[in-house]
Amino acid sequence: MIDSQQASAALDDINDVVRRVRQSRIYQTASLIIIMWGLLVFLGYIANYTWPPLGYAIWIVTDLVGIAGSIGIAAFSGVGPGAGAFAIRLLMAFVLFIAFGIFCSVVLGHFGPRQMLVFWPIFTMLFYALAGLWFGYAFIVIALGTSALIVIGYFYAGPALLLWMAVVHGGGLVVGGLWMRRI
Amino acid sequence: MAELDEIIHQPLRLRIMAALNALPVSTGLEFARLKKLTGATDGNLGAHIETLAKAGYVAVDKAFVGKKPQTTVTATAAGRGAFARHVATLQQIIAGKQP
């Protein structure tokens, strides 16, 4: 038989493994969603660069496909009990976040195309960073790394900003998602 | 008086069962991921999984994904029950209800 100290150490060990498994499952699902968004926005930037007048339509389609794909991946990944209610709360938080972004960028800010181009990616990266406080440091690393590169492009990429965004935003998400799957 | 499960009590087997038990029923973990999550080495993990499989606590499924062999380990109903009893016994020991 073991004493209470050894029993307590065994339970701590169990809790540590359970925490790792939960984080791993979150990373496995989230990384797929992040990679998908990376590919989508990469194509979006390239399409926007190729057909500038269709910019708004391109991004509406990109976002709708992305949202549908995210819901599909989350549903297909299989989640534990209580995860459905949690996913709805997360979705509501995201909707509020986006509503605030629209209020800032359109109503208050009257951003031009260049500002708009960098505002939304950085704003969504802020959501990733906040999520990282609960779900793991990988989200924060991806958010901060991608945002820093976007800001550099805003100041220095000049007319090639759309191409820069395709590489650092789209490519950054794909690389970040692949990295997340390995940790 | 409840007894600790001697098969599960070994530290690495405890971690293996904790990892598998944290998944939804019938969901397994691929060998490489299990190795990472438990901090085990290849040979070590294989030997302990075999012990758990012989006790009927885990099911081992070997398949090919493309040309790569993939081993998936899943906790059985018996394994989940034994793990739950083991954890309950640990909690009783901490609460002072066991010697």
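## Exercises on helix 5 and B:H48 of chain B

**Exercise 1.** Work out what span helix 5 of chain B should have at 1.5 Å a residue, and compare that span with the distance between its end C-alpha atoms.

*Solution.* In this predicted model, helix 5 covers residues 77-94 of chain B, and its 18 residues should span 26 Å, which agrees with end C-alpha atoms that are 26 Å apart. The expected span is 1.5 Å times one less than the number of residues, and a helix here is a DSSP run of H or I with at least four residues, while a strand is a run of E with at least two, both numbered from the N terminus. After helix 5 of chain B comes B:G96, with a positive phi near 80 degrees.

Residues are numbered from 1 along each chain as its sequence is written, and chains are lettered from A in the order in which they are written. Local features need pLDDT of at least 70, and side-chain atom pairs count only at pLDDT 80 or more, whereas hydrogens and water are left out of side-chain values.

**Exercise 2.** State which residues of helix 5 of chain B are buried (under 20% relative accessible area, 1.4 Å probe, protein chains only).

*Solution.* They are B:G79, B:R80, B:A82, B:F83, B:H86, B:V87, B:T89, B:L90 and B:I93. Their cover includes helix 1 (4-50) of chain A, together with helix 1 (6-9), helix 2 (11-21) and strand 3 (68-75) of chain B.

**Exercise 3.** Decide whether B:H48 is buried, and list its contacts (heavy atoms within 4.5 Å) beyond four places in sequence.

*Solution.* B:H48 lies in helix 4 (residues 42-54) of chain B, and it counts as buried because its relative accessibility is 13%. Leaving aside neighbours within four places in sequence, B:H48 touches B:Q10, B:L12, B:R13 and B:I16.

Key. Buried means under 20% relative accessible area, exposed over 50%, partly exposed in between (1.4 Å probe, protein chains only).
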